[in-house]
Amino acid sequence: MQTVRLIVNGNAVGATAEAETPLLDILRNHLGLMGTKFGCGLEQCGCCMVLVDGKPEKSCGKPLSAVAGKEIVTIEGLGTPERPHPLQQAFIDEQAGQCGYCLPGILISAKALLDRNASPSRKEIAEALDDNICRCGSHIRILRAVECAARLLRDGDAR
Ligand code: FES
Ligand code: FES
């Protein structure tokens, strides 16, 4: 067992677990952040995507020991029901998704994209979401929602 300190959604936290415990397990079962989803557990579906120092990473394959001192952002860190992030607002407006299980990971990948590219083309959005699987086939609405969020952000909603 080891205790690792990290920053999650702006808060300094400590987690005590085996060094190889997946970050996903730490987030959900130690910190109670249930927004990040378990899909395949094999780094193949993108459900468990979080930002690690600003880069999208699959938390099911990230051992606790690898995130010591890192800054993690989960879907809970994007916005709140009262003050949603433009991405969250756009996904609601576009009704982008059916079951919603893939969406936390997709929004995290999309946030990483929009943080580095304010005006991505549809092709660039599709490429940025290439590691995220949506089994409901909501791809077109998801692409539209990311374009909509980019517009909202460009218009000054810089949450
Ligand atoms: S649960 Fe991590 S990629 Fe599928
Ligand atoms: S909305 Fe169901 S998996 Fe994407």
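**A chat about a predicted protein model**

Modeller: From the N terminus on, the elements of the protein chain run β-β-α-β-β-β-α-α-α-α, and please keep in mind while we talk that this is a predicted model.

Biologist: How many helices and strands is that?

Modeller: The protein chain has 5 helices and 5 strands.

Biologist: And what radius of gyration does the protein chain have, next to that of a compact globule?

Modeller: The protein chain has a radius of gyration of 15 Å, and because a compact globule with 159 residues would have a value near 15 Å, the two agree. If you prefer to think of a box, the C-alpha atoms fill one of roughly 45 × 30 × 25 Å, taken along the principal axes.

Biologist: What share of the residues counts as buried?

Modeller: Of the 159 residues in the protein chain, 43% count as buried. On the outside, the chain exposes about 8,100 Å², and carbon and sulfur atoms supply 48% of that area.

Biologist: What about charges, how many positive and negative side chains are there?

Modeller: There are 18 positive and 19 negative side chains in the protein chain, and the centres of these two sets lie 3 Å apart.

Biologist: Let's turn to the helices. Which residues of H5 are buried?

Modeller: In H5, the buried residues are Ile142, Leu143, Ala145, Val146, Cys148, Ala149 and Ala150. Helix H5 covers residues 139-154, which makes 16 residues, and it reaches 23 Å from its first C-alpha to its last, close to the 22 Å expected at 1.5 Å a residue.

Biologist: Why would residues a few places apart in an α-helix point the same way?

Modeller: An α-helix has 3.6 residues a turn, so residues three or four places apart point the same way.

Biologist: What do the buried residues of H5 pack against?

Modeller: They pack against helix H2 (86-93), helix H3 (103-116) and helix H4 (122-128). Seen from the other side, the buried residues of H2 pack against H3 and H5, and those buried residues in H2 are Pro86, Leu87, Gln88, Ala90 and Phe91.

Biologist: Which residues come after these helices with a positive phi?

Modeller: Just after H5, Gly156 takes a positive phi of about 110 degrees, while H2 is followed by Gln95, whose phi is positive as well, near 50 degrees. Gln95 is not a glycine, and it is found in the loop between H2 and H3.

Biologist: Is Gln95 buried or exposed?

Modeller: Gln95 counts as exposed, because its relative accessibility is 53% and the cut-off for exposed is over 50%.

Biologist: Where does Asn9 sit, by the way?

Modeller: Asn9 has its place in the loop between strand E1 (2-8) and E2. The phi of Asn9 is near 50 degrees, a positive value in a residue other than glycine, and at 23% relative accessibility Asn9 counts as partly exposed.

Biologist: Okay, new topic. What is Cys47 in contact with?

Modeller: Not counting residues up to four places away in sequence, Cys47 touches Thr36, Lys37, Gly39, Tyr101, Cys102 and Gly105. Cys47 is found in the loop between H1 and strand E3 (49-52), and because its relative accessibility is 7%, it counts as buried.

Biologist: How far apart are Cys47 and Cys102, in sequence and in space?

Modeller: Cys47 and Cys102 are 55 residues apart in sequence, and their C-alpha atoms are 5.1 Å apart in space. For another pair, take Gly61 and Ser119, which are 58 residues apart in sequence and 30 Å apart in space, C-alpha to C-alpha.

Biologist: What share of contacts in the protein chain comes from residues that are 24 or more positions apart?

Modeller: Such residues account for 59% of the contacts in the protein chain with a separation of 6 or more.

Biologist: One more: is Thr21 buried or exposed?

Modeller: Thr21 is buried, because its relative accessible area is 11% and buried means under 20%. It lies in the loop between strand E2 (11-17) and helix H1 (23-30), and, leaving aside neighbours within four places in sequence, Thr21 is in contact with Ile26, Lys62, Pro63 and Leu64.

Biologist: And Thr3, what does that one contact?

Modeller: Thr3 is found in strand E1, and, with neighbours within four places in sequence left aside, it is in contact with Ala15 and Thr16. With a relative accessible area of 47%, Thr3 is partly exposed.

Key
Residues numbered from 1 in each chain as written. Chains lettered and ligands numbered in written order. Predicted model: local features only at pLDDT ≥ 70, side-chain atom pairs only at ≥ 80, totals over all residues. Heavy atoms only, no water. Helix = DSSP H or I, 4+ residues; strand = E, 2+ residues; numbered from the N terminus. Rg over C-alpha atoms; globule rule 2.2 N^0.38 Å. Buried < 20%, exposed > 50% of the residue type's maximum accessible area, 1.4 Å probe, protein only. Contact = heavy atoms within 4.5 Å. Areas by Shrake-Rupley, 256 points an atom, 1.4 Å probe, with all protein chains shown as cover. Lys, Arg positive; Asp, Glu negative; His and termini not counted. Charge placed at Lys NZ, Arg CZ, Asp CG, Glu CD. Expected span 1.5 Å × (residues − 1).
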